Amino acid sequence: MMKLLLIILFLLFAGLRPAGKTRSTSRWVVSENSMLTVNGSTNINRFSCVILQYPKTDTVLVSKDKTEHIALSGILNLEVKNFDCNSTMMTKQLLNTLKENRFPVLRIKFLSLKEIPSEGQNSFVKGDVEITLSGVLKRYEICYQINVKRGTIELIGQQAINFSDFHLIPPKKIGRLIQAKDQLVVAFFLKMERAG
């Protein structure tokens with residue numbers, strides 16, 4: 001009798017488990033061909049600072065459950081000192097503004113993605129990320145263009161941010177004559193290759 005009661009209880013609890021919790025997960029390695037560009041403007045002209053290559057091999061996990069909810073988990077660690085503004089003075093000003101000596105790493109943490117298109121398709125998809133810059137964390141919803149090819153995923157996108165979002169004062173060049181504006185557009189090309 002006790003054995004029958006235990007079997008009934010087990011079946012009852014098994015039936016109460018949420019259906020959407022089973023996940024399929026794939027692992028992706030960030031390619032060194034990835035790049036990040038920061039575009040801004042001053043009271044005189046425009047400027048562009050770039051990290052041309054991503055020298056590390058961080059891993060991003062893509063998980064999907066039965067409800068088709070997609071979670072992206074992984075952190076990109078970009079060294080601030082690798083920014084190049086094509087001008088020694090502007091690069092130095094940017095590194096000082098970003099407090100590179102105290103906060104040497106710009107972190108981008110992936111949180112979610114609305115969908116992943118089928119192979120061979122190019123789609124625009126929204127996803128959430130957290131950006132940590134100069135010790136300040138901000139969350140953004142970014143619209144990506146996603147290209148899925150054989151064994152690779154390319155994420156291309158851009159996001160407007162402000163220096164003031166991160167409690168920073170825009171860089172100055174030659175005293176106060178040239179002053180960068182508060183808004184920047186962060187553009188990125190992220191290439192990921194399937195691991196295993």
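Which residues does Thr 97 touch, not counting residues up to four places away in sequence? In this predicted model, Thr 97 touches Phe 163, Leu 168, Ile 169, Pro 170 and Pro 171. Thr 97 belongs to helix α2, and its relative accessible area of 11% makes it buried, because that value is under 20%. The side chain of Thr 97 also reaches back to the backbone oxygen of Gln 93, at 2.8 Å.

**Helix α2 and its flanks**

Helix α2 spans residues 88–97, and its buried residues are Met 90, Thr 91, Leu 94, Leu 95 and Thr 97. Because these residues cover an arc of only 160° around the axis, they fall on the same side of α2. Strand β3 (46–51) is included in what covers the buried residues of α2. On the other side of the helix, Thr 88, Lys 92 and Asn 96 are exposed.

Residues with a positive phi are found in the loops on either side of the helix. Asn 86 lies in the loop between β5 and α2. Its phi is near 65°, a positive value in a residue other than glycine. With a relative accessible area of 75%, Asn 86 is exposed, because this value is over 50%. Lys 99 comes just after α2, in the loop between α2 and β6. Lys 99 is not a glycine either, yet it has a positive phi of about 55°. Lys 99 has 29% relative accessibility and therefore counts as partly exposed.

**The loop between β1 and β2**

Glu 32 is located in the loop that joins β1 (23–30) and β2 (35–41). Its relative accessibility is 49%, so Glu 32 counts as partly exposed. Between Glu 32 and Leu 52 the separation is 20 residues in sequence and 9.1 Å in space, taken from C-alpha to C-alpha.

**Internal cavities**

How many cavities of 30 Å³ or more does the structure hold? There are 3 of them. The table sets out the volumes and lining classes of the largest and the second largest.

| Cavity | Volume | Lining by class |
|---|---|---|
| Largest | About 190 Å³ | 17 nonpolar, 3 polar and no charged residues |
| Second largest | About 130 Å³ | 13 nonpolar, no polar and no charged residues |

The largest cavity is lined by 20 residues, and those nearest its centre are Leu 36, Leu 76, Leu 78, Ile 108 and Phe 188. At least two lining residues come from each of β2, β5 (70–79), β6 (105–113), β7 (122–133), β8 (136–149) and β12 (183–194). Strand β12 provides the largest share of this lining, with 4 residues.

The lining of the second largest cavity consists of 13 residues, of which Val 38, Phe 83, Leu 106, Leu 133 and Val 186 lie nearest the centre. Here β2, β6, β7 and β12 each supply at least two residues. These four names also appear among the strands that each supply at least two residues to the lining of the largest cavity.

Which class makes up the lining of the second largest cavity? Its 13 residues are nonpolar, with no polar and no charged residues. The lining of the largest cavity likewise has no charged residues, but 3 polar residues are present there beside 17 nonpolar ones.

Conventions: Residues numbered from 1 in each chain as written. Predicted model: local features only at pLDDT ≥ 70, side-chain atom pairs only at ≥ 80, totals over all residues. Heavy atoms only, no water. Buried < 20%, exposed > 50% of the residue type's maximum accessible area, 1.4 Å probe, protein only. Arc of directions from axis to C-beta. Contact = heavy atoms within 4.5 Å. 1 Å grid on protein atoms, 1.4 Å probe; cavity = no way out; pocket = protein on both sides within 12 Å on 5 of 7 lines; lining within 4 Å. Points joined across faces, edges and corners; volume = space filled by probe spheres on them. Nonpolar A, V, L, I, M, F, W, Y, C, P; charged D, E, K, R; others polar. Polar contact = N/O pair within 3.5 Å; in protein donor to acceptor, adjacent residues only side chain to side chain.
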